[in-house]
Amino acid sequence: MNTKDKGFNTKLVHAGAYDDVFGSAVTPIYQTSTFAFKSAQHGADCFAGKSDGFIYTRIGNPTTKAFEDAMAELENGFGATATSSGMSAVSSVYMALLGMGKHIVCSASVYGPSRSILERDFSRYGVEMTFVDTSDLSQIKNAIKDNTAVLYIETPTNPTMQLTDIEEASKIAHEHDVTVVVDNTFSSPYLQKPLDLGADVVLHSVTKYINGHADIVGGVIIAKEEVMHKKIRAQMVYLGGNMDPHQAFLTHRGLKTLSIRMERAEANAMKVAEYLEAHPKVEWVLYPGLKSHPQHELAKKQMNGFSSMISFGLKGGLEAGKIVMNNVHLAALAVSLGGVETLIQHPASMTHASMSKEAREQAGISDGLVRFSVGIETVEDIIEDLDQAMAKI
Ligand SMILES: *Cc1c(COP(=O)(O)O)cnc(C)c1O
């Protein structure tokens, strides 16, 4: 079915469907490593790109392609490349776009390993880097140099909930021929479409909202233009970070309910954020949906909603945070986010422990920050769970 002119929810359910010989309602799992050619000529044509037949699963697979085609359509890109994990998406993009003597400008407060792999590894290969608060556009302007190849932003950032104006940041970058990459994990295309706002490449950890059921780890990269798509895809194929067909099947299945999961999670998050903001033991709450969020207006402008990630600090600091984390029963004390279940975690000792304390401080990740991923459970139960845990402080 051609879903190009259809609405977002129709695309979620029907885009990328792969017709098989039996007319199965969903794309089957093509659990195969290789594909037989019809003839020597057909094999040669597949390798030469003259035929779009499948060759070998690291290069492409029908189940994975169905998911990739759906993601390309949902993000309004030319094509998508599915990867084994979100970090495989991040590192494939870095590998494709950076090199000896090139420079990257990166949001200071990105997912910990997305920053650490630059500092730890890409620096060893002669890549230069500057980390800035990309929510302040003048810092992006000042950081761009003659050899800058990439502007890498995450918005909202993990876990400080800072937003970067994608449209304005892209304008600045493009004046200097800099490629704009956006990690859209926290929003998903349901809430934000970076390519429509001017970015060149979007990536996701599909482990989070896209799959939404905490049962796989995966990633995807979507490029706006054909040349960029081919460059990134070729890099992924050589690095070998492809998504497995079984993983693709589960992710595509999860994707279909993205809108209704997001709607519920977001409605719950708004209530939880309001509850936290009114609680006497809470010092601060960061949630883009609250009027108190410093970039609430930008969130309304560039997003179709506010997602379901909340960061907060307790008056009792980290010690109080530990009491809450140790006493919740419904919320699981676990990293990851964007699933149907509510999760709570402590970035300074968990997801962002790979960053140095200085880097965390620069990124605004205080030791007392607690991150809450609101799920789709009955919201009164989520609040009651928090309430009884907070009473123990
Ligand atoms: C989790 C996450 C990643 C890394 O994804 P994995 O699937 O864990 O490899 C990258 N960016 C953001 C914003 C994330 O939350």
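Helix α14 spans residues 357-363 in this predicted model. Lys357 and Glu361 both belong to α14, four residues apart, or about one turn of the helix. An α-helix has 3.6 residues a turn, so residues three or four places apart point the same way. The side chains of Lys357 and Glu361 meet in a salt bridge, with N and O 3.7 Å apart. How exposed are the two partners? Lys357 is partly exposed, at 41% relative accessibility. Glu361 has a relative accessible area of 53%. That makes Glu361 exposed, because the term applies to values over 50%.

Lys357 has another acidic partner. Its side chain also meets that of Asp367 in a salt bridge, at 3.0 Å from N to O. This pair links distant parts of the chain, 10 residues apart. Lys357 sits in helix α14, while Asp367 lies in the loop between α14 and β12 (369-373). Asp367 is partly exposed, with 31% relative accessibility.

Helix α7 offers a related arrangement. Here Lys171 forms a salt bridge with Glu168, and the closest N and O atoms are 3.3 Å apart. Lys171 and Glu168 are three residues apart in α7, which means that about one helical turn separates them. Lys171 is partly exposed, with a relative accessible area of 46%. Glu168 also counts as partly exposed, at 28%.

Now turn to the buried residues of α7. The helix covers residues 166-175, and its buried residues are Ile166, Ala169, Ser170, Ile172 and Ala173. Why do they lie on the same side of α7? They cover an arc of only 160° around the axis, and that places them on one side of the helix. What do these buried residues pack against? Their partners are two helices, α6 (137-143) and α12 (296-302), and two strands, β4 (148-154) and β5 (179-183).

The ends of α7 have their own details. At the start of the helix, a side-chain oxygen of Asp165 comes to within 3.2 Å of the backbone nitrogen of Glu167. Just after the helix, Asp177 adopts a positive phi of about 55°.

Salt bridges also occur elsewhere. How many does a search of the whole structure find? The search finds 14 salt bridges. Some of them join into a network, which links Arg120, Asp121 and Arg124.

The last stop is the ligand. There are 15 residues around it, and Met87, Asp183, Ser205, Thr207 and Lys208 come nearest. Ligand oxygen atoms make several polar contacts with the protein, including those of Met87, Ser205 and Lys208. Met87 contributes a backbone N or O atom, 2.8 Å from an oxygen atom of the ligand. Ser205 uses its side chain instead: an N or O atom there is 2.8 Å from a ligand oxygen. Lys208 places a polar side-chain atom 2.8 Å from an oxygen atom of the ligand. How much of the ligand does the protein cover? On its own, the ligand has 380 Å² of accessible area, and the protein covers 92% of that.

Note on methods: Residues are numbered from 1 along each chain as its sequence is written. This is a predicted model: local features need pLDDT of at least 70, side-chain atom pairs count only at pLDDT 80 or more; totals for chains, interfaces and linings use all residues. Side-chain values use heavy atoms; hydrogens and water are left out. Buried means under 20% relative accessible area, exposed over 50%, partly exposed in between (1.4 Å probe, protein chains only). The arc is that of the directions from the helix axis to the C-beta atoms. Contact means heavy atoms within 4.5 Å. A polar contact is a pair of N or O atoms within 3.5 Å; within protein, one must be able to donate a hydrogen and the other to accept it, and residues adjacent in sequence count only if both atoms are side-chain atoms. A salt bridge is a side-chain nitrogen of Lys or Arg within 4 Å of a carboxyl oxygen of Asp or Glu. A residue is near a molecule or strand if one of its heavy atoms lies within 4 Å of it. Accessible areas come from the Shrake-Rupley method with a 1.4 Å probe; for residues, only the protein chains shown count as cover.
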